[in-house]
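Q: Could you walk me through this one? I'd like to start with how a pair of its elements pack, and then wander a bit.

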Amino acid sequence: MGWPLAVSAGLMDKNPRALFRALWALSSGHLLATFLVLLPFAFLLVLAEWQRSIQTGASLLVIGFGVYRLIAQRHPRTLARIPPTQLALWSFAVAIAHGAALMLVPIYLGLCQAFEFDAGHEAAGALMKTSLGMAVLVSLVHVAAMVGAGGCLAWLVYRHLGLRFVSRSWFNLDAVWAASLVLVGAVALALNLASWR
(Lines give C-alpha, C1' and ligand atoms only; values in the text may rest on other atoms or scores of the structure.)
Protein backbone atom coordinates (compact mmCIF):
# COMPACT_ATOMS: atom_id res chain seq x y z
CA MET A 1 0.00 0.00 0.00
CA GLY A 2 3.00 2.33 -0.37
CA TRP A 3 2.16 3.27 -3.95
CA PRO A 4 -0.02 6.26 -2.90
CA LEU A 5 3.09 7.72 -1.26
CA ALA A 6 4.96 7.33 -4.56
CA VAL A 7 2.10 9.13 -6.33
CA SER A 8 2.25 11.85 -3.68
CA ALA A 9 6.00 12.30 -4.10
CA GLY A 10 5.61 12.60 -7.89
CA LEU A 11 2.71 15.03 -7.64
CA MET A 12 4.38 17.20 -4.99
CA ASP A 13 7.67 17.42 -6.91
CA LYS A 14 5.84 17.60 -10.27
CA ASN A 15 8.40 15.16 -11.57
CA PRO A 16 8.01 11.48 -12.47
CA ARG A 17 11.56 10.83 -11.24
CA ALA A 18 10.37 11.55 -7.71
CA LEU A 19 7.77 8.78 -8.12
CA PHE A 20 10.47 6.28 -9.12
CA ARG A 21 12.81 7.41 -6.31
CA ALA A 22 9.94 6.83 -3.89
CA LEU A 23 9.30 3.35 -5.34
CA TRP A 24 13.01 2.51 -4.88
CA ALA A 25 12.90 3.62 -1.24
CA LEU A 26 9.67 1.69 -0.62
CA SER A 27 11.06 -1.49 -2.17
CA SER A 28 14.25 -1.22 -0.09
CA GLY A 29 12.32 -1.00 3.16
CA HIS A 30 9.94 -3.78 2.15
CA LEU A 31 12.77 -6.12 1.12
CA LEU A 32 14.56 -5.53 4.42
CA ALA A 33 11.34 -6.32 6.29
CA THR A 34 10.80 -9.58 4.39
CA PHE A 35 14.38 -10.62 5.10
CA LEU A 36 13.92 -9.81 8.77
CA VAL A 37 10.81 -12.00 8.96
CA LEU A 38 11.94 -14.89 6.73
CA LEU A 39 15.60 -15.36 7.65
CA PRO A 40 15.01 -16.26 11.32
CA PHE A 41 12.48 -18.87 10.22
CA ALA A 42 14.93 -20.24 7.65
CA PHE A 43 17.64 -20.59 10.31
CA LEU A 44 15.30 -22.03 12.92
CA LEU A 45 13.81 -24.65 10.62
CA VAL A 46 17.22 -26.30 10.40
CA LEU A 47 16.57 -27.39 13.97
CA ALA A 48 14.06 -30.11 13.12
CA GLU A 49 13.18 -30.94 16.71
CA TRP A 50 11.82 -27.40 17.22
CA GLN A 51 9.92 -27.20 13.94
CA ARG A 52 6.49 -28.10 15.33
CA SER A 53 6.82 -25.67 18.26
CA ILE A 54 7.92 -22.88 15.95
CA GLN A 55 5.03 -23.53 13.57
CA THR A 56 2.49 -23.57 16.40
CA GLY A 57 3.91 -20.37 17.89
CA ALA A 58 3.94 -18.66 14.48
CA SER A 59 0.33 -19.74 13.87
CA LEU A 60 -0.74 -18.26 17.21
CA LEU A 61 1.24 -15.09 16.48
CA VAL A 62 -0.48 -14.65 13.09
CA ILE A 63 -3.91 -15.28 14.67
CA GLY A 64 -3.16 -12.85 17.51
CA PHE A 65 -1.95 -10.16 15.15
CA GLY A 66 -5.02 -10.61 12.94
CA VAL A 67 -7.35 -10.30 15.95
CA TYR A 68 -5.45 -7.21 17.12
CA ARG A 69 -5.82 -5.60 13.65
CA LEU A 70 -9.56 -6.40 13.67
CA ILE A 71 -9.93 -4.62 17.02
CA ALA A 72 -7.52 -1.69 16.43
CA GLN A 73 -8.56 -0.59 12.95
CA ARG A 74 -7.44 3.03 13.04
CA HIS A 75 -4.17 4.10 11.43
CA PRO A 76 -1.97 6.66 13.21
CA ARG A 77 -2.40 10.09 11.60
CA THR A 78 1.35 10.71 11.74
CA LEU A 79 1.79 8.22 8.90
CA ALA A 80 -0.32 10.29 6.49
CA ARG A 81 2.65 12.22 5.04
CA ILE A 82 6.10 10.68 4.95
CA PRO A 83 9.04 12.73 3.62
CA PRO A 84 10.74 11.05 0.62
CA THR A 85 13.99 10.79 2.60
CA GLN A 86 12.27 8.52 5.14
CA LEU A 87 10.35 6.20 2.76
CA ALA A 88 12.74 3.23 3.13
CA LEU A 89 12.41 3.42 6.93
CA TRP A 90 8.62 3.80 6.60
CA SER A 91 8.42 0.80 4.25
CA PHE A 92 10.47 -1.33 6.64
CA ALA A 93 8.47 -0.32 9.72
CA VAL A 94 5.08 -0.75 8.08
CA ALA A 95 6.02 -4.09 6.49
CA ILE A 96 6.91 -5.35 9.98
CA ALA A 97 4.10 -3.67 11.96
CA HIS A 98 1.37 -4.06 9.33
CA GLY A 99 2.24 -7.66 8.63
CA ALA A 100 3.16 -7.43 4.94
CA ALA A 101 6.18 -9.64 5.46
CA LEU A 102 4.03 -12.07 7.49
CA MET A 103 2.30 -13.15 4.28
CA LEU A 104 5.45 -15.09 3.43
CA VAL A 105 5.36 -17.06 6.68
CA PRO A 106 2.86 -19.73 5.44
CA ILE A 107 5.80 -21.39 3.71
CA TYR A 108 7.28 -21.96 7.15
CA LEU A 109 3.99 -22.63 8.92
CA GLY A 110 3.66 -25.90 7.07
CA LEU A 111 0.91 -24.76 4.67
CA CYS A 112 3.32 -25.34 1.79
CA GLN A 113 4.52 -28.70 3.05
CA ALA A 114 5.12 -31.60 0.72
CA PHE A 115 2.56 -34.33 0.16
CA GLU A 116 3.61 -37.86 -0.79
CA PHE A 117 1.51 -38.06 -3.96
CA ASP A 118 2.97 -34.97 -5.64
CA ALA A 119 6.68 -35.02 -6.48
CA GLY A 120 6.71 -31.36 -7.59
CA HIS A 121 5.32 -30.10 -4.28
CA GLU A 122 7.64 -32.47 -2.42
CA ALA A 123 10.70 -30.99 -4.15
CA ALA A 124 9.51 -27.40 -3.58
CA GLY A 125 8.78 -28.12 0.08
CA ALA A 126 12.23 -29.66 0.57
CA LEU A 127 13.90 -26.63 -1.01
CA MET A 128 11.91 -24.17 1.10
CA LYS A 129 12.66 -25.97 4.35
CA THR A 130 16.38 -26.53 3.84
CA SER A 131 17.69 -23.69 1.70
CA LEU A 132 18.54 -20.22 2.94
CA GLY A 133 18.90 -19.27 -0.72
CA MET A 134 15.24 -20.15 -1.27
CA ALA A 135 14.19 -17.81 1.55
CA VAL A 136 16.21 -15.02 -0.08
CA LEU A 137 14.72 -15.84 -3.49
CA VAL A 138 11.18 -15.79 -2.05
CA SER A 139 11.89 -12.33 -0.57
CA LEU A 140 13.30 -11.00 -3.85
CA VAL A 141 10.41 -12.33 -5.95
CA HIS A 142 7.89 -10.97 -3.42
CA VAL A 143 9.43 -7.48 -3.49
CA ALA A 144 9.73 -7.50 -7.30
CA ALA A 145 6.03 -8.41 -7.60
CA MET A 146 5.05 -5.81 -4.99
CA VAL A 147 7.05 -3.03 -6.67
CA GLY A 148 5.85 -4.08 -10.12
CA ALA A 149 2.16 -4.04 -9.16
CA GLY A 150 2.40 -1.00 -6.89
CA GLY A 151 4.62 0.83 -9.37
CA CYS A 152 2.11 0.32 -12.18
CA LEU A 153 -0.71 1.60 -9.94
CA ALA A 154 1.37 4.59 -8.80
CA TRP A 155 2.37 5.51 -12.36
CA LEU A 156 -1.19 5.20 -13.72
CA VAL A 157 -2.69 7.27 -10.91
CA TYR A 158 0.10 9.87 -11.11
CA ARG A 159 -0.04 10.13 -14.90
CA HIS A 160 -3.76 9.87 -15.58
CA LEU A 161 -5.90 10.26 -12.47
CA GLY A 162 -4.13 12.58 -10.03
CA LEU A 163 -4.55 13.34 -6.35
CA ARG A 164 -8.26 14.18 -6.58
CA PHE A 165 -9.02 10.60 -7.66
CA VAL A 166 -6.96 9.15 -4.79
CA SER A 167 -8.61 11.33 -2.14
CA ARG A 168 -12.14 10.60 -3.38
CA SER A 169 -11.84 6.89 -4.04
CA TRP A 170 -9.67 5.69 -1.14
CA PHE A 171 -10.90 2.51 0.50
CA ASN A 172 -9.54 0.48 3.38
CA LEU A 173 -9.09 -3.29 3.19
CA ASP A 174 -7.62 -3.67 6.70
CA ALA A 175 -10.55 -5.74 8.04
CA VAL A 176 -10.32 -8.20 5.13
CA TRP A 177 -6.56 -8.39 5.52
CA ALA A 178 -6.79 -8.94 9.30
CA ALA A 179 -9.45 -11.64 8.86
CA SER A 180 -7.23 -13.39 6.30
CA LEU A 181 -4.39 -13.42 8.86
CA VAL A 182 -6.68 -15.05 11.42
CA LEU A 183 -7.83 -17.59 8.81
CA VAL A 184 -4.28 -18.47 7.66
CA GLY A 185 -3.09 -18.79 11.24
CA ALA A 186 -6.05 -20.98 12.18
CA VAL A 187 -5.56 -23.26 9.17
CA ALA A 188 -1.84 -23.56 9.92
CA LEU A 189 -2.55 -24.33 13.58
CA ALA A 190 -5.17 -26.94 12.65
CA LEU A 191 -2.79 -28.62 10.20
CA ASN A 192 -0.01 -28.67 12.76
CA LEU A 193 -2.27 -30.10 15.49
CA ALA A 194 -3.66 -32.70 13.07
CA SER A 195 -0.15 -33.84 12.15
CA TRP A 196 0.59 -34.64 15.84
CA ARG A 197 -2.00 -37.41 15.83
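A: Let us begin with helix 3 (residues 51-71) and helix 8 (residues 174-195), whose axes come within 8 Å and cross at roughly 155°. Because an angle over 145 degrees counts as roughly antiparallel, helix 3 is roughly antiparallel to helix 8. Please keep in mind throughout that this is a predicted model.

Q: And what is the handedness of the crossing where helix 3 passes helix 8?

A: The crossing of helix 3 and helix 8 is left-handed.

Q: How do the residues of that contact of helix 3 with helix 8 divide into nonpolar, polar and charged?

A: The contact between helix 3 and helix 8 has 15 nonpolar residues, along with seven polar and three charged ones.

Q: Staying with helix 3, which of its residues are buried?

A: The buried residues of helix 3 include Ile54, Ala58, Val62, Ile63 and Phe65, and polar or charged side chains are also found in the buried set, among them Gln51, Gln55, Thr56, Ser59 and Arg69. Gly66 is buried in helix 3 as well.

Q: How many residues does helix 3 have, and what does it reach from first C-alpha to last?

A: Helix 3 has 21 residues and reaches 30 Å between its first and last C-alpha, which is close to the 30 Å expected at 1.5 Å a residue.

Q: What about arginine 52, is it buried or exposed?

A: Neither, strictly speaking: arginine 52, which lies in helix 3, has a relative accessibility of 33% and therefore counts as partly exposed.

Q: Which residues does arginine 52 touch, leaving out those up to four places away in sequence?

A: With residues up to four places away left out, arginine 52 touches Asn192, Ser195 and Trp196. For serine 195, the C-alpha to C-alpha distance from arginine 52 is 9.3 Å, although the two are 143 residues apart in sequence.

Q: Zooming out, what is the pattern of the chain along the sequence?

A: Reading along the sequence gives α-α-α-α-α-α-α-α, and the chain accordingly has eight helices and zero strands.

Q: What percentage of the chain's residues count as buried?

A: Of the 197 residues in the chain, 39% count as buried.

Q: And among contacts between residues at least 6 apart in sequence, what percentage join residues at least 24 apart?

A: For the chain, that percentage is 83%.

Q: Switching to helix 7, is valine 138 buried or exposed?

A: Valine 138, in helix 7 (residues 132-169), counts as buried because its relative accessibility is 18%, and the cut-off for buried is under 20%. Its C-alpha is 9.4 Å from that of phenylalanine 35, with their positions 103 residues apart in sequence.

Q: What does valine 147 touch, if residues up to four places away in sequence are not counted?

A: On that count, valine 147 touches Ser27 and Cys152. Valine 147 is also found in helix 7, and with a relative accessible area of 26% it is partly exposed. Glycine 2 is 145 residues from valine 147 in sequence, yet the two are 9.2 Å apart in space, C-alpha to C-alpha.

Q: Then where does serine 27 lie, and which residues does it touch outside those up to four places away in sequence?

A: Serine 27 lies in helix 2 (residues 16-44), and outside that sequence range it touches Val143, Met146 and Val147. At 11% relative accessibility, serine 27 counts as buried, whereas its contact partner valine 147 is partly exposed.

Terms used: Residues are numbered from 1 along each chain as its sequence is written. This is a predicted model: local features need pLDDT of at least 70, side-chain atom pairs count only at pLDDT 80 or more; totals for chains, interfaces and linings use all residues. Side-chain values use heavy atoms; hydrogens and water are left out. Axes are lines fitted to C-alpha atoms, for helices over the stretch in contact, and angles run from 0 to 180 degrees between N-to-C directions. Helices (H or I, at least four residues) and strands (E, at least two) are DSSP runs, numbered from the N terminus. Angles under 35 degrees count as roughly parallel, over 145 as roughly antiparallel, 65 to 115 as roughly perpendicular and the rest as oblique. A crossing is left-handed if the near helix is turned anticlockwise from the far one by less than a right angle, and right-handed if clockwise. Buried means under 20% relative accessible area, exposed over 50%, partly exposed in between (1.4 Å probe, protein chains only). Contact means heavy atoms within 4.5 Å. The expected span of a helix is 1.5 Å times one less than its number of residues.
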